[in-house]
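Open the model in your viewer and keep the selection box handy. We will go stop by stop, from the whole chain down to single residues.

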Amino acid sequence: MEDKKIGWKKTFAYAKRALLLWWKLHPAAIVSGVLCSVMEVFIPYMTVWFSARIIGELSGRRDTDVLFKLVLTLLVLELVLGSLKSAVKEWHDGAFWTAYEALNRLYNEKLYSLDFADMDSNKTWDLFAQIQQNAQWSSWGMQRAIYTWDSLIKSLFGIGGGVLLTWKLFLAKVPKESGNLAVMNHPIFLIGLLVLMFGMALLAPVIRTKAFGYWSAYSDKARFGNRAFGFFGFLGHRHERALDIRMYRQDVYCRKMMTAKENNSFGVGSPIAKAAEGPMGLAYVAANIVDQLFVVAIYLFVCLKAWAGAFGAGAVTQYISAVTLLYNNLVQILGNFGELKTNAVYLELTYEFLDIPNQMYQGTLTTEKRSDCNYEVEFQNVSFKYPGTEEYVLKNVSLKFKVGQKLAIVGENGSGKTTFIKLLCRLYDPDEGRILLNGIDIRKYDY
């Protein structure tokens with residue numbers, strides 16, 4: 001997985017298809033997610049705005065009526081919007097799981113609709129198992145697509161709200177009599193500050209995406225570990241296997257498999273644990289350091305401007321809180337793009353499964369309805385080998401039989417008895433020769 005590289009154009013195309021697929025499965029999962037994101041962004045910014053007004057009034061005129069109205073309005077809005085947010089969140093959670101069940105039905109319907117040759121293929125089942133295991137161990141694939149969508153919407157609204165509450169911070173002028181601090185009015189200073197802010201907002205998610213990439217690169221090992229644990233770890237819980245476990249001492253083998261060093265996927269000393277102690281952990285620490293440096297920088301800038309007389313104490317609360325929220329949303333949205341890129345590999349697996357074509361010719365003729373049941377089946381020089389193999393299972397088989405006759409198919413294991421029946425039922429088509437029903441090739445009949 002870590003060696004697969006997918007470009008941005010294909011990344012966005014995969015993400016768009018995933019979103020449209022979720023919409024088709026259950027539109028409420030998308031609509032409720034957007035509303036939930038709006039509520040989660042609006043309430044914190046609303047609290048910041050009212051808090052700034054209250055602190056400004058407390059540090060200024062201290063008008064009791066104004067303070068009462070501000071506090072009462074804030075409490076009422078918190079109560080109403082908080083309740084509404086909880087209701088929307090419940091709706092979103094229910095809608096998501098309804099959509100998730102619809103996704104599982106979609107996977108099952110795809111399996112049911114496949115040509116038998118594909119349904120019978122180990123490649124198909126391995127592909128399907130990978131999709132399920134990627135979702136189970138870290139929500140990769142379709143689940144991650146909707147999580148990232150919700151986060152993107154939340155970040156976009158968060159950036160919009162942050163800009164609305166912070167743009168005056170950069171336009172507020174420091175009085176000339178404040179001395180050297182008046183340099184903060186200079187355009188070059190402001191441009192430099194904005195470059196620094198956006199630079200930190202870009203650097204932190206880049207580092208986190210690098211750290212997060214260790215999880216994605218570990219997917220093959222994680223899938224194998226989950227398979228081993230899912231089988232050997234729970235074998236002893238299956239009472240129907242108790243006799244075999246004791247007779248053949250399978251418990252010894254299970255312990256061996258569960259404790260083998262190569263099967264240690266998530267425990268102490270595993271590769272992912274070593275990465276967490278080493279480069280992955282260091283990357284997360286470095287990203288957190290960048291976050292804290294940004295907070296320090298914005299505190300210095302806002303407090304120095306307030307000290308110089310550009311605005312009052314209430315505005316300090318608003319600007320520090322709003323800029324911090326703005327920064328967090330910028331970091332989040334940039335991290336979301338990294339997540340989209342990583343998840344594209346897993347979506348590609350999903351689409352590879354969903355796009356398996358039906359290649360078997362379906363036929364159009366209806367079978368002849370005969371009251372005497374006089375049907376004759378004939379194999380004419382039929383040869384067959386399974387897809388992906390070179391060895392013929394059946395070679396030049398020719399025989400005739402009529403419906404109503406008793407016919408025994410006898411042969412050693414692997415001689416082609418089951419394959420003969422599969423061809424008779426047209427689960428597969430012969431590679432050579434023909435199978436006839438009353439003289440007509442069965443491929444011409446409606447499947």
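Start with everything selected and shown as a cartoon. The chain has 14 helices and four strands. Both kinds of element are DSSP runs numbered from the N terminus: helices are H or I with at least four residues, strands are E with at least two. This is a predicted model, in which local features need pLDDT of at least 70 and side-chain atom pairs count only at pLDDT 80 or more, while totals for chains, interfaces and linings use all residues. Residues are numbered from 1 along each chain as its sequence is written, and side-chain values use heavy atoms, with hydrogens and water left out.

Now turn the whole chain around. Along its principal axes, the C-alpha trace spans about 110 × 55 × 45 Å. The radius of gyration is 33 Å, well over the 22 Å that the globule rule gives for 447 residues, so the chain is more spread out than a compact globule. That radius is taken over C-alpha atoms, and the rule is 2.2 Å times the number of residues to the power 0.38.

**Stop 1: α1 and α3**

Select residues 8-25 for α1 and 64-113 for α3. Their axes come within 9 Å and cross at roughly 100°. Axes are lines fitted to C-alpha atoms, for helices over the stretch in contact, and angles run from 0 to 180 degrees between N-to-C directions. α1 and α3 are therefore roughly perpendicular to each other. The cut-offs are these: under 35 degrees is roughly parallel, over 145 roughly antiparallel, 65 to 115 roughly perpendicular, and the rest oblique.

Show side chains next. L21, W22 and L25 of α1 touch F96, A99, Y100, A102, L103 and L106 of α3. Contact here means heavy atoms within 4.5 Å. What classes of residue make up the contact of α1 with α3? It has nine nonpolar, no polar and no charged residues. Ala, Val, Leu, Ile, Met, Phe, Trp, Tyr, Cys and Pro count as nonpolar; Asp, Glu, Lys and Arg as charged; the others, Gly among them, as polar.

**Stop 2: α2 and α3**

Keep α3 and add α2, residues 27-58. The two pack at about 165°, with axes 8 Å apart. They are therefore roughly antiparallel. α2 passes α3 in a left-handed crossing. Left-handed means that the near helix is turned anticlockwise from the far one by less than a right angle; clockwise would be right-handed. Residues in the contact of α2 with α3 divide into 25 nonpolar, six polar and six charged.

**Stop 3: α5 and α13**

Select 122-138 for α5 and 313-354 for α13. The angle is about 140° and the axes are 10 Å apart. α5 and α13 are therefore oblique to each other. The crossing is left-handed. Pick out residues on each side: K123, L127 and F128 are among those in α5, and Y346, L349 and F353 are among those in α13. By class, the residues of this contact are six nonpolar, four polar and two charged.

**Stop 4: the sheet**

Select the strands. Four of them form an open antiparallel sheet in the order β2-β1-β3-β4. Strands pair if DSSP finds at least two bridges between them. β2 (394-402) and β4 (440-441) stand at the edges, each with a single partner strand, so one side of each has no neighbour in the sheet.

Zoom in on β1, residues 376-384. Six bridges join β1 to β2, and five join β1 to β3. F384 stands opposite L394 in β2. On the β3 side, V377 has L437 as its bridge partner, and Q380 stands opposite R434.

Finish at the hairpin of β3 and β4, which has two residues between the strands. Click N438 in the turn: its phi is positive, about 50°. L436 has D441 in β4 as its bridge partner. Last, add α14, residues 417-424. This helix lies across β1, β2 and β3, at about 120° to β1.
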